[in-house]
Amino acid sequence: MSEGRVAVVTGGTRGIGRAISEALKNKGYKVAATYAGNDDAAKKFSEETGIAAYKFDVADFAACEAAVKKISEELGPVDVLVNNAGITRDTTIHRMDYQKWDEVIQTNLSSCFNMCRCVIDSMRDRSFGRIVNIGSINGQAGQYGQVNYAAAKSGIHGFTKALAQEGASKGITVNAIAPGYVDTDMVRAVPPNVLEKIIAKIPRGRLGKADDIARGVLFLVADDADFITGSTLSINGGQHMY
Ligand code: NDP
């Protein structure tokens, strides 16, 4: 049944998002991958995968509206939305300026409202939708130096449960995935000595792979997952059992 369904993956050109975009395409979805500004990565991604990339800022509601309209005209109405785009601006609160707070809240959390608001009417009209929001282990457990990121990701988990209740009677499921530490550019920015200590705390003894998260998305968007809504799937190698 996935054949021909339209899936939008925000931040779908790199890292975890790229793995999700490719996994969905391999299952027969028509995929639109979005990105913010890294044109080189997006071009390479589209050349290598054949998936169209759409450039806009997920923190900008009007830009999301315009992009969803364009994607719907080009590929069809959106059946699956994966809110994956995210950033970090890490530092302790006594060094954090308002901009670092606001950028992370807007990009990681308000983006979920923006994108969901833009697809929800059409999903309701068609009585079908699958929404997966990418949270984080650090939204579940908190993390030193990340009050902005932990607040945004924790917010995603609450947002997911509320929207799941609203969507259920309309055939729309809404779930979250809380990845642990996954080997992407985001985690490569963590200093090696800090990363070593993090890996030592992962019972599976390794970082996650982007594909580990993509497989979780495939599971949650499948027709067979119809009875799963409002849940958070932790994919973290056992680092945090919540
Ligand atoms: P990457 O930094 O590797 O990729 C981020 C993607 O998001 C890029 O495609 C980027 O576009 C896009 N993006 C960033 N800001 C915006 C914006 N304002 N508008 C549109 N697109 C944007 O991230 P990861 O793959 O590591 O992370 C993906 C998600 O998983 C994030 O939400 C992250 O918080 C979450 N996560 C990651 C973990 C990890 O260990 N890596 C752990 C837990 C959660 P561009 O290429 O143009 O910059």
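**View 1. Helices α1 and α9 pack against each other at an angle of about 50 degrees.** In this predicted model, helix α1 covers residues 15–26 and helix α9 covers residues 210–221, and their axes lie 8 Å apart. Helices α1 and α9 are therefore described as oblique to each other, and their crossing is right-handed. On the side of α1, the contact is made by Gly-15, Ile-16, Arg-18, Ala-19, Ile-20 and Ala-23, while α9 contributes Ala-210, Asp-211, Ile-213, Ala-214, Val-217 and Leu-218. Sorted by class, this contact of α1 with α9 holds nine nonpolar residues, one polar residue and two charged residues.

**View 2. Seven strands form an open sheet with parallel pairing.** Read across the sheet, the strands follow the order β3-β2-β1-β4-β5-β6-β7. The edges are formed by β3, at residues 52–55, and β7, at residues 232–235, each of which pairs on one side only. On average, and with direction ignored, neighbouring strands of this sheet are turned by 20 degrees against each other.

**View 3. Strand β6 is joined to the edge strand β7 by four bridges.** Strand β6 spans residues 172–179, and β6 and β7 run parallel. A pair of residues to look for in this view is Ile-177 and Leu-233, the latter in β7, which stand opposite each other.

**View 4. Helices α4 and α6 both pack on the sheet.** Helix α4, which runs from residue 98 to residue 126, touches β4 (80–83), β5 (129–134) and β6, and its direction makes about 175 degrees with that of β4. Helix α6, made of residues 147–167, touches β5, β6 and β7, and the direction of α6 makes about 165 degrees with that of β6.

**View 5. Helices α4 and α6 also pack against each other, with their axes 8 Å apart.** The angle between α4 and α6 is about 15 degrees, and because angles under 35 degrees count as roughly parallel, these two helices are roughly parallel to each other. The crossing of α4 and α6 is right-handed. From α4, the residues that take part are Lys-100, Trp-101, Val-104, Ile-105, Asn-108, Leu-109, Cys-112 and Cys-116, and in α6 they meet Asn-148, Tyr-149, Ala-151, Ala-152, Lys-153, Gly-155, Ile-156, Phe-159 and Leu-163. By class, the contact of α4 with α6 consists of 12 nonpolar, three polar and two charged residues.

**View 6. Helix α3 crosses helix α4 at roughly 40 degrees.** Helix α3 is built from residues 61–75, and the axes of α3 and α4 come within 9 Å. This angle makes α3 oblique to α4, and the crossing of the two helices is right-handed. Here Phe-61, Cys-64, Glu-65 and Val-68 of α3 meet Asn-114, Met-115, Cys-118 and Val-119 of α4. The class count for the contact of α3 with α4 is six nonpolar residues, one polar residue and one charged residue.

**View 7. The predictor's confidence is given for the residues and for the complex.** The protein averages a pLDDT of 97, and 100% of the residues score at least 70. For the complex, the predictor gives an ipTM of 0.99 and a pTM of 0.98. As a general caution for reading such views, predicted coordinates should not be read in detail where pLDDT is low.

Terms used:
Residues are numbered from 1 along each chain as its sequence is written. This is a predicted model: local features need pLDDT of at least 70, side-chain atom pairs count only at pLDDT 80 or more; totals for chains, interfaces and linings use all residues. Two strands pair if DSSP finds at least two bridges between them. Axes are lines fitted to C-alpha atoms, for helices over the stretch in contact, and angles run from 0 to 180 degrees between N-to-C directions. Two residues are in contact if their C-beta atoms, placed from the backbone, lie within 7 Å. Angles under 35 degrees count as roughly parallel, over 145 as roughly antiparallel, 65 to 115 as roughly perpendicular and the rest as oblique. A crossing is left-handed if the near helix is turned anticlockwise from the far one by less than a right angle, and right-handed if clockwise. Ala, Val, Leu, Ile, Met, Phe, Trp, Tyr, Cys and Pro count as nonpolar, Asp, Glu, Lys and Arg as charged, and the others, Gly among them, as polar. pLDDT is the predictor's confidence in each residue, from 0 to 100.
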